[in-house]
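Biologist: I should like a close look at a single part of this model, namely the place where the ligands are held. Please explain each term as it arises, since I am new to the subject.

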Amino acid sequence: MTYKALTIAGSDSGGGAGIQADLKTFQELDVFGMSAITAVTAQNTLGVQGVYPLPVEAIVQQIQSVGSDIGTDAVKTGMLFSSEIIAAVAEQIRRFGWKNIVVDPVMIAKGGAPLLQEEAVQALKEHLLPLAAVITPNIPEAEVLTGMQIESPADKQEAARRLFDTGVRHVVIKGGHDEGSQASDLLYDGQHFQYFTSDRLPTKNTHGTGCTFAAAVTAELAKGKTAAEAVQTAKDFIQAAIADDLQIGGGHGPTNHWAYGRRQAVLGGKA
Ligand SMILES: Nc1ncnc2c1ncn2[C@@H]1O[C@H](COP(=O)(O)OP(=O)(O)OP(=O)(O)O)[C@@H](O)[C@H]1O
Ligand SMILES: Cc1ncc(CO)c(N)n1
């Protein structure tokens, strides 16, 4: 059985985030990766030097080329940049009847460069969130989407409830931006709160952690895993990828996308 996943996201020339992180992650998890590029960024470990959104027509055409021939078992959205792009992407997802939609509501790159126009937040809520099987905001993104400040564990749960009410089936609020010695991701399915917790690793090389995490969730949903199973694998994948960081570039380096696969191979006696 060949499982397939489509990422609709921006290109990161530095290879640590965006489309590049997604395809590497799909590959590592044995899922055939496809892409529809929404914007080209000139980017490295130091920051974002340029952002070039593609015409909506070019984005729609890429999605249609995939949908009309190959099809997909899951879709991840990342950097969508504008409300026009969001509306067009949502329309195509509906048109092909795709399920297993993972929305990573990318807003701002680590260095502060905007990857989503401010007025597009409403379009995200209106068009895309109701289609999502899983949404994976970090804490600042969850704050923007809910309009509330998240300062305590109770706030995090309340934000998850509010996000669930937008029509999303599972909410994951990631803990990368939390304080403390643990990085704890909260999953909410409308009934239960479940925490996925690891030691916080002391490194500056966390470029693309969010993209990589959401791509791993997408790959696992493509294989038919439940949201909780997919989040557990994604958490293990990103923990291994951060732990074995690569020391590339002069700023916030990428994670190591092959670390998880190497560890599995060692555990399974294959390496
Ligand atoms: N220092 C760290 N140690 C361990 N896990 C981490 C660390 N930083 C982030 N994570 C994990 O990485 C995943 C991504 O979380 P994070 O909140 O950093 O996403 P993000 O801000 O969207 O990332 P980015 O914008 O760089 O793509 C989560 O599973 C989180 O728990
Ligand atoms: C293209 C792209 N998408 C997402 C992110 C968020 O990490 C980034 N830095 N660049």
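Modeller: The answer below treats the two ligands in turn and then a salt bridge. This is a predicted model, in which local features need pLDDT of at least 70 and side-chain atom pairs count only at pLDDT 80 or more, while totals for chains, interfaces and linings use all residues. Residues are numbered from 1 along each chain as its sequence is written, chains are lettered from A and ligands numbered from 1 in the order in which they are written, and side-chain values use heavy atoms, with hydrogens and water left out.

Ligand 1 is surrounded by 20 residues, of which the closest are K110, K174, H177, D185 and L201; a residue counts as near a molecule if one of its heavy atoms lies within 4 Å of it. This shell divides into 6 nonpolar, 8 polar and 6 charged residues, where Ala, Val, Leu, Ile, Met, Phe, Trp, Tyr, Cys and Pro count as nonpolar, Asp, Glu, Lys and Arg as charged, and the others, Gly among them, as polar. Strand β8 (182–188) and helices α7 (209–222) and α8 (227–243) each supply at least two residues of the shell; helices (H or I, at least four residues) and strands (E, at least two) are DSSP runs, numbered from the N terminus.

Oxygen atoms of ligand 1 make polar contacts, that is, pairs of N or O atoms within 3.5 Å. A polar side-chain atom of D185 lies 2.5 Å from one such oxygen atom, and a polar side-chain atom of T209 lies 3.0 Å from an oxygen atom of the ligand. From G210 it is a backbone N or O atom that lies 2.9 Å from an oxygen atom of ligand 1. Taken alone, ligand 1 exposes 630 Å², and the protein buries 93% of that; the areas come from the Shrake-Rupley method with a 1.4 Å probe.

Ligand 2 has around it G10, S11, A17, G18, Q43, M79, V106, A109, L115, H207 and C211. These residues divide into 6 nonpolar, 5 polar and no charged. A nitrogen atom of ligand 2 is 2.8 Å from an N or O atom in the side chain of Q43. Taken alone, ligand 2 exposes 280 Å², of which the protein buries 91%.

The structure also holds 9 salt bridges, each a side-chain nitrogen of Lys or Arg within 4 Å of a carboxyl oxygen of Asp or Glu. One of them joins D22 and K76, whose closest N and O atoms are 2.9 Å apart. This pair links distant parts of the chain, with D22 in helix α1 (residues 18–28) and K76 in strand β4 (residues 74–77), 54 residues apart.

Terms used: A polar contact is a pair of N or O atoms within 3.5 Å; within protein, one must be able to donate a hydrogen and the other to accept it, and residues adjacent in sequence count only if both atoms are side-chain atoms.
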